[in-house]
Amino acid sequence: MQWFLVFVLIGVAGGAGSVIRALLARFDGWLPYGLFLANGLAAGLVGWLLAGPTLTADYLTVLTVGFAGGLSTFSTAMKASFDFYHRGRLVQSAITMLGNLFIPIGALMLATSLP
């Protein structure tokens, strides 16, 4: 695939992942559950793609860097954590930070262990 087309597809896939993340982020409560879900799904997808189907390097890049990169976000997770911290909700801030670290790691490990 030509490099220009790969970059365009990364942008389109990243945009789609970002829109899905924004929709999932609306599911919040005491904690940002949708954000946990988005980051976990993105990490699980990357793990599954790397361990599972055989894809060309271009398609793998589009799906991992583009779609999963748009779906997952470190900046939104840290913003959510900071918002809790700023309001004096230290436990929620810490759980948000740790959850956005360990949930994706767990999803990645689970996805790579699938047949």
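Helices here are DSSP runs of H or I with at least four residues, numbered from the N terminus. The model on display is predicted, and this tour follows its helix 1.

**First stop: the whole helix.** Select residues 3-24, which make up helix 1. The helix has 22 residues and reaches 31 Å from its first C-alpha to its last, close to the 32 Å expected at 1.5 Å a residue.

**Second stop: the buried side.** Next, select Val6, Ile10, Ala13, Gly14, Gly17, Arg21 and Leu24, the buried residues of helix 1. These residues lie on the same side of helix 1 because they cover an arc of only 110° around the axis. To view their packing partners, add helix 2 (33-51), helix 3 (57-71) and helix 4 (74-86), against which the buried residues of helix 1 pack.

**Third stop: the other side.** Turn to the other side of helix 1 and select Phe4, Val12, Val19 and Leu23, which are exposed there.

**Fourth stop: the aromatic rings.** The structure holds 2 aromatic pairs. For one of them, select Trp3 and Phe4: their ring centres are 6.0 Å apart and their planes stand at 90°, so the pair is edge-to-face. Trp3 counts as exposed at 62% relative accessibility, and Phe4 is likewise exposed, with a relative accessible area of 54%. Now add Phe7, which forms an edge-to-face aromatic pair with Trp3, at 5.7 Å centre to centre and 70° between the planes. Within helix 1, Trp3 and Phe7 are 4 residues apart, about one turn of the helix. Phe7 is exposed, as is Trp3. Finally, display Trp3, Phe4 and Phe7 together, as they form one aromatic cluster.

How values were computed: Residues numbered from 1 in each chain as written. Predicted model: local features only at pLDDT ≥ 70, side-chain atom pairs only at ≥ 80, totals over all residues. Heavy atoms only, no water. Helix = DSSP H or I, 4+ residues; strand = E, 2+ residues; numbered from the N terminus. Expected span 1.5 Å × (residues − 1). Buried < 20%, exposed > 50% of the residue type's maximum accessible area, 1.4 Å probe, protein only. Arc of directions from axis to C-beta. Contact = heavy atoms within 4.5 Å. Phe/Tyr/Trp six-rings, centres within 6.5 Å; stacked < 30°, edge-to-face > 60°.
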